[in-house]
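Colleague: I should like to go through the ligand site and ask how each term is justified. Please begin once the model is displayed.

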Amino acid sequence: MQKKSTLPLSDANANRKKKELRSKETLVKLLRWHFGYPDFRGMQLDAIQSVLSGKDCFCLMPTGGGKSMCYQIPALAKTGIVLVVSPLIALMENQVMALKEKGIAADFLSSTKTADAKVKIHEDLDSGKPSTRLLYVTPELIATPGFMSKLTKIYTRGLLTLIAIDEAHCISSWGHDFRPSYRKLSSLRSHLPDVPILALTATAAPKVQRDVVESLRMQNPLVLKSSFNRPNIYYEVRYKDLLDDAFADLSNTLKSLGDVCAIVYCLERSMCDDLSSNLSQSGISCAAYHAGLNNKMRTSVLDDWISSKIKVVVATVAFGMGIDRKDVRIVCHFNIPKSMEAFYQESGRAGRDQLPSRSLLYYGVDDCKRMKFILSKSGSKNSQSSSSQEESSKISLTAFNQMVEYCEGSGCRRKRILESFGEQVTASLCGKTCDACRHANLVARCLEDLKTVSALCHKNGSSRVFITSSTSAIDGEQLSEFWNRGGEASGSEEDISDSEDGNEVINNLTRSKLQSRLGVNEKLAMLQRAEENFYKNNNSYKQSNKVDKNAISDPMRGASRQRLQNALKQVQQRLDNFKIEVDTSASFLEDECYKKYGKAGKSFYYSQVASTVRWLKSASSSELMNRLRSINASASMSVVSEAKQSLSPAEQPFKSPPALDPCAEDTSNEYSGNARSETSPCIVPMESCSFNNTNLPQIPSFSEFVNSRKTKGDQLNDTKKHSRVEKKMRMQ
Ligand SMILES: Nc1ncnc2c1ncn2[C@@H]1O[C@H](COP(=O)(O)OP(=O)(O)OP(=O)(O)O)[C@@H](O)[C@H]1O
Ligand SMILES: [Mg+2]
């Protein structure tokens, strides 16, 4: 690291100097000198000038908008120290490392620092002229009397230039990343009255904004709000229920993009592990990241990803705030996020370098039901029941419905995102940079198909949610059961190393004192930490639970049979003269799915059932005959086809259309009943598109098809083995 000298500033008289410090010219010079950027972005300059003039500032900028610069430049423009409060140690470490590389004297204080390193920092702070320009700290440290008295000393010596509260929405329980420890920051104003406060967030909810300003006791702050539009991100939704194999689709999409940096978000840890193993097996360099991994493992995954050793991280939302990799080209959500805010933050991790990037969400009807269930339960009545808990549940569900609308509604996706943040825009703003604008007819057809699927599920009552636990329960199994279908708080106790939050939430939980104001995020965080605590103390339970949560129960199988029966009834209607023993055939097909994927877990099993239902929608009578032919002759089943088939099964292979191509224009007339057009994609090469044989549902009559599936099955078994071994290793 080479230390860069501070850019020499004019030394005219004091007043002129103060003005000059804030002049655009001087500040741009600093930006260029230290960071090499030609000019400020958006409202950066306004925020910087505001705090340099001593005025509080609330700065709302989208993810990747450049909020950090708003306190980094003031640290360079004025002598003294800028104190930065940050919620995560990883976030502090990243920023400090990046600043040090630029020769800027920055440091952080946290429990991860050695005693020696801490002593050195304190010595510098106590010295007559501290060299530290930016000091990053956790909110917990601020709350300790020792550190507050140190800050007060620095302040009385006139050396505290600015207090920047990064990710300021963490202070509000209405926000999606509430941290109880942030509440303690309200004492800053009383101890350090004249130091300007800069609150930075990308969370747009007005309630959160008010909460932040009030909690920090900001005085008449300059409120800066930037547009939330991320023009370089292409938004797309794919419908799991209309895809033959969502896993294959994801894998193909990632492969088609080449060796790019990506994030895949999942709801559950087990799904992260399974998906990551699968993607690795298909040659994608990736790793799982979630709060179930220990600190060391998470750090190592993060480091590997930051340093490009691995390209794809398959993560829960624990892979969260402050991930500053600029060149993430695609963020995939394999499960629907719990709110538009969460989605915006997560998808916003793509394209922070402003280059074209993608957000791809896989939407499944069952995922949606599951999330609704979780959110309704998390605010449900318990022994401490109160109307505000019901209200909290309602708020969560309302927030989630925006997300459902994003997936199930028609019209521009970008417009929906922006409108959910209160920005009124015309669809032309999008410029065909979402699937709904670029492939309007195709998306409309998908939505029509989705309605049919949803209606079927509804009619059959085939909800796949089997959670009975309530959030008030402290029984490990129930917590875990809930947790494994719930969201995760961003980060864990270990991330917030010297945090008291962990203890606080666990105590709250065990005392069953869920405060009425707590939102679903906090409750989820409580559950996460309580679960982790439970795991720490009970490894054998963990193992048995791992088995349970992947098990496919009889009711699940019954629901699948019901779904298949319905699909078969539709086949009967579609193929006029086709007679089929619906119950037996449904049982046969369900059994096939179970045999094939039963041991791999619910996700794979469901995917196979969905795939079979899709296949039934377009299968010809001869194809059906072939598939069902192997039902034992003794079974009371008859398949009689009177329909004339112009092609033999071998001549009429099933087609699963290729991945939707964001570049291609709409070709709705080529739509063939599935989610994707068959136009030649420009991003997704043909060889990796999902009509490749390897992605097709199992149809035993086609020998080539059988062979390809067999290969795939073998691969899957290997993957499962691999995944199991990995999990076992982690548990040991
Ligand atoms: N004026 C600028 N010109 C070009 N790039 C910039 C400018 N300001 C900041 N950046 C870069 O933009 C990227 C995102 O900045 P930063 O991490 O501060 O965003 P953020 O708003 O804090 O996002 P998040 O909400 O995700 O934390 C960084 O790599 C930063 O160096
Ligand atoms: Mg930031």
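Modeller: Ligand 1 sits in the largest pocket. The model is predicted, with local features needing pLDDT of at least 70 and side-chain atom pairs pLDDT 80 or more. Side-chain values use heavy atoms, without hydrogens or water.

Colleague: What makes ligand 1 count as sitting in the pocket?

Modeller: A molecule sits in a pocket if more than half of its atoms lie within 2 Å of the grid points. A pocket is an open set of points on a 1 Å grid where a 1.4 Å probe fits, with protein on both sides within 12 Å along at least five of seven lines. Ligand 1 therefore meets the criterion for the largest pocket.

Colleague: Why is the pair between Lys326 and ligand 1 called a polar contact?

Modeller: A polar side-chain atom of Lys326 lies 3.4 Å from an oxygen atom of ligand 1. The limit for N or O pairs is 3.5 Å, so this pair qualifies.

Colleague: Which backbone contributes a polar atom 3.0 Å from an oxygen atom of ligand 1?

Modeller: That of Gly66.

Methods
Residues numbered from 1 in each chain as written. Chains lettered and ligands numbered in written order. Polar contact = N/O pair within 3.5 Å; in protein donor to acceptor, adjacent residues only side chain to side chain. 1 Å grid on protein atoms, 1.4 Å probe; cavity = no way out; pocket = protein on both sides within 12 Å on 5 of 7 lines; lining within 4 Å.
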